[in-house]
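Please walk through this protein model with me, one part at a time. Keep the sequence and the 3D view side by side as you read.

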Amino acid sequence: MKPSPRRPSLRRRLALLTAATLVAAPGLIGAAANAEESPSPGDEKLTFTVGMTNQPDSFNPFLGIEIESYEMWALTYDYLVSVSPQDLSPQPALATDWESSEDGLTWTFDIREGVMWSDGEPLTAADIAFTYNRIIDGGPEAGTWEAWLRSAEKVTAPDDTTLVIEMSKPNAAFPMIPVPIVPQHVWSELSEKEVKSYGNEPPNVVGSGPFRLVEGSAGGSTIRFEKNPDYWRGTPNVDEVVFRVFKAADPAVQALKKGEIDFVSGITPTQVNALEGEDGITASNSDYPGFDEIAFNAGAVNLETGKPIGDANPAVLDPKFRFALGFAIDREAIRDRVYEGAGEIGSTIIPPFYPRFHWEPPEEDAFTFDLERAGQLLDEAGYTVGSDGLRTLPDGKPIGTLRLIGRSDSETSLDVLQYFQEWLGELGIDAEVQSMESSKLTNVILDGEFDVFEWGWYVDPDPGSMLSYLTCGQREAWSDTWYCNEEYDQLYDQQQAETDEDARAELIDRMQEIAYYDAPYLLTVYNTTGEAWRSDRWEGFVPMPDPGGMRVFTLDVHNYIDVRPVSEETAGGDEGGLSGAVVGGLVVGGIAVAGVIGALAFRRRDRATAEDRE
């Protein structure tokens with residue numbers, strides 16, 4: 001859910017893609033038997049077809065929260081700066097070069113000449129300045145993207161090829177600003193009120209990206225993009241990209257085997273193993289920069305009055321209670337039984353995928369499955385066992401029944417909470433698992449009417465966005481726990497302005513430590529994701545990062561641009577090449593997996609989608 005709750009953007013939450021069985025919401029079309037076969041590479045129109053188990057919720061880059069939406073934006077729009085598939089370092093995109101003043105308060109970007117909008121208008125620095133200023137002004141555009149432009153005060157375009165960003169204090173994430181650039185001559189006609197409901201759907205979509213959105217609607221079953229023949233980096237190798245929605249991952253895998261789709265992502269390790277022997281198909285488990293977690297209501301409040309809202313169980317509002325339950329989760333069992341042995345045991349909110357900023361708790365407090373210690377910590381915090389065998393609140397009143405909300409569109413989510421329910425029972429805590437659609441859960445979280453839920457996040461290369469989701473200012477926005485800690489907020493502002501990487505890492509370590517002991521999230525696993533594609537028909541995929549990373553749902557659209565029909569020399573091969581510079585943005589190329597939420601992309605949220613949370 002998350003960046004989206006998007007909520008405005010929680011989900012992109014975005015944790016995006018959990019490597020688990022994917023199930024779409026009711027009403028989605030498409031069992032494999034109903035999927036239309038995509039033209040083969042030898043047909044007159046070269047079509048690359050992607051299966052999805054979840055739908056984009058908006059083509060408006062200021063409203064959507066699902067990971068699939070981020071993919072649509074990345075194909076439609078350009079970004080100021082991209083990232084290298086090899087090491088995720090900043091690379092030119094709309095900006096061909098950039099420099100910062102010595103004090104880090106002024107950034108100047110040289111903007112590429114000759115880029116055109118799909119309606120024939122030129123894209124200039126003024127479009128970028130317009131997009132960023134709409135976010136800085138704090139309207140609906142700020143919900144998803146504010147964290148990336150924090151401390152930016154003014155953005156100007158002195159001429160068509162120069163962009164200047166003036167800051168109140170340095171921003172350590174720069175020059176990374178993964179915000180889709182929209183055309184000023186279109187969006188300037190929309191008021192803030194109109195932006196909140198603007199669908200940005202065909203035939204009225206004006207973009208500058210490698211593909212043009214020509215068919216489909218948010219929540220629809222088929223989405224079609226045509227290549228942009230005037231794209232500044234060069235024309236994509238395929239004529240069109242088509243996304244089809246399936247009700248579950250199994251039908252999508254069957255469609256891949258039948259040649260009805262070309263790429264599927266987010267499949268389970270069992271499905272990867274089953275596909276490894278299939279002729280013409282390559283399957284792989286890939287590293288994924290995200291995590292899944294059990295999350296708590298840390299204190300929903302009316303931000304204007306400061307008064308509590310919702311109906312959280314008093315126990316979950318207590319950090320000591322939440323921390324104690326960290327020892328009541330058998331993470332190894334969850335990984336082995338629910339995730340089929342894939343992934344790593346989770347601990348803190350910046351995954352080891354980014355070792356520079358990952359913090360591990362001290363050995364004596366590292367969460368292990370230890371019900372005796374969990375019970376001891378609960379006793380010390382006043383949650384003692386009563387005569388009926390159930391624990392009470394510190395005031396002696398019954399705790400009652402904790403509500404554990406799992407996402408109906410994720411079997412993984414529900415399975416994890418079933419196990420958690422059993423372990424809570426062994427501690428004398430009554431709980432019940434409830435199943436709820438992701439979209440409804442987002443609203444429930446905003447209303448504060450929950451105790452516990454399961455979801456996940458996709459984490460960007462720069463940790464700033466993930467860290468921001470736990471700041472007080474993200475409540476009613478990207479925050480999904482209502483967590484608020486003043487020291488954490490102060491450290492967030494400090495790390496955002498700290499340009500010395502070692503000093504910044506120390507601040508981020510302390511932030512992770514605070515969040516670990518306050519425990520609004522109890523992490524379960526760091527994800528991997530399964531991918532499979534028709535390697536007898538397509539080549540050119542480059543994992544991100546290379547090697548070991550994913551080929552879709554990455555931080556760039558290069559695999560959509562560079563995918564091509566296999567040649568006689570490479571038929572059945574695995575990887576391909578990458579040509580030229582690439583544009584920033586999430587890549588799909590395969591089945592969109594939920595939640596997280598990701599934000600992306602870049603993290604776009606980033607929480608993932610239905611499986612992403614994610």
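Start with strands β6 and β7. Strand β7 covers residues 106–111, and five bridges join β6 to β7 in an antiparallel run. Strands count as paired if DSSP finds at least two bridges between them. Strands themselves (E, at least two residues) and helices (H or I, at least four residues) are DSSP runs, numbered from the N terminus. This is a predicted model, where local features need pLDDT of at least 70 and side-chain atom pairs count only at pLDDT 80 or more, while totals for chains, interfaces and linings use all residues. Residues are numbered from 1 along each chain as its sequence is written, and side-chain values use heavy atoms, with hydrogens and water left out.

Look at single partners next. D97 stands opposite D110 in β7. W98 has F109 of β7 as its bridge partner. The hairpin of β6 and β7 has five residues between the strands, and G104 takes a positive phi near 75° there.

On to β9. Strand β7 also pairs with β9, in the antiparallel sense, over five bridges. Here T106 has E166 of β9 as its bridge partner. Now the whole sheet can be put together. It is an open sheet of four strands, in the order β6-β7-β9-β8, with antiparallel pairing. Its edge strands are β6 (95–100) and β8 (152–159), each pairing on one side only. From one strand to the next, the twist averages 20°.

Which residues of β7 point to one face and are buried? They are W107, F109 and I111. T106, T108 and D110 point to the other face and are not buried. Buried means under 20% relative accessible area, exposed means over 50%, and partly exposed lies in between (1.4 Å probe, protein chains only). In a regular strand the side chains alternate between the two faces of the sheet.

A helix lies across this sheet. Helix α2 (residues 125–136) crosses β7, β8 and β9 (162–167), and runs at about 165° to β8. Such angles run from 0 to 180 degrees between N-to-C directions, with axes fitted to C-alpha atoms, for helices over the stretch in contact.

Now look at the packing. The largest nonpolar core has 118 residues, and those with the most contacts inside it are L80, Y132, L163, I165 and F243. A nonpolar core is a set of buried Ala, Val, Leu, Ile, Met, Phe, Trp, Tyr and Cys residues joined through side-chain atoms within 4.5 Å. Take L80. Leaving out residues up to four places away in sequence, L80 touches several residues, including F109, I111, Y132 and L163. Contact means heavy atoms within 4.5 Å. Another core lies apart from the largest one; it has 38 residues, among them I334, W423, V452 and L522.

Move to strand β19 (residues 521–534). Here 14 of its 14 residues are buried. Twelve bridges join β19 to strand β14 (residues 281–296), in an antiparallel run. S286 has T529 of β19 as its bridge partner. Strand β13 (residues 263–267) pairs with β19 too, antiparallel, over four bridges. There V264 stands opposite A532. Strand β15 (residues 344–345) is joined to β19 by two bridges, also antiparallel.

Next come the rings. The structure holds 36 aromatic pairs. Rings of Phe, Tyr and Trp (its six-membered ring) pair if their centres lie within 6.5 Å; planes under 30 degrees apart count as stacked, over 60 as edge-to-face and the rest as tilted. Why is the pair of F353 and Y354 edge-to-face? Their centres are 5.1 Å apart and their planes are at 85°, so the pair gets that name. Y469 and W478 form a stacked pair, at 4.8 Å centre to centre and 15° between the planes. Y469 is buried at 3% relative accessibility, and W478 is buried at 2%.

Finish with the backbone. Most residues other than glycine have a negative phi, and most peptide bonds are trans. A cis peptide bond joins F174 and P175, with omega about 10°. P175 sits in the loop between β9 and α4 (184–187). Another residue to find is W482, whose phi is positive, near 65°. W482 lies in the loop between α13 (464–468) and α14 (486–497). At 3% relative accessibility, W482 is buried.
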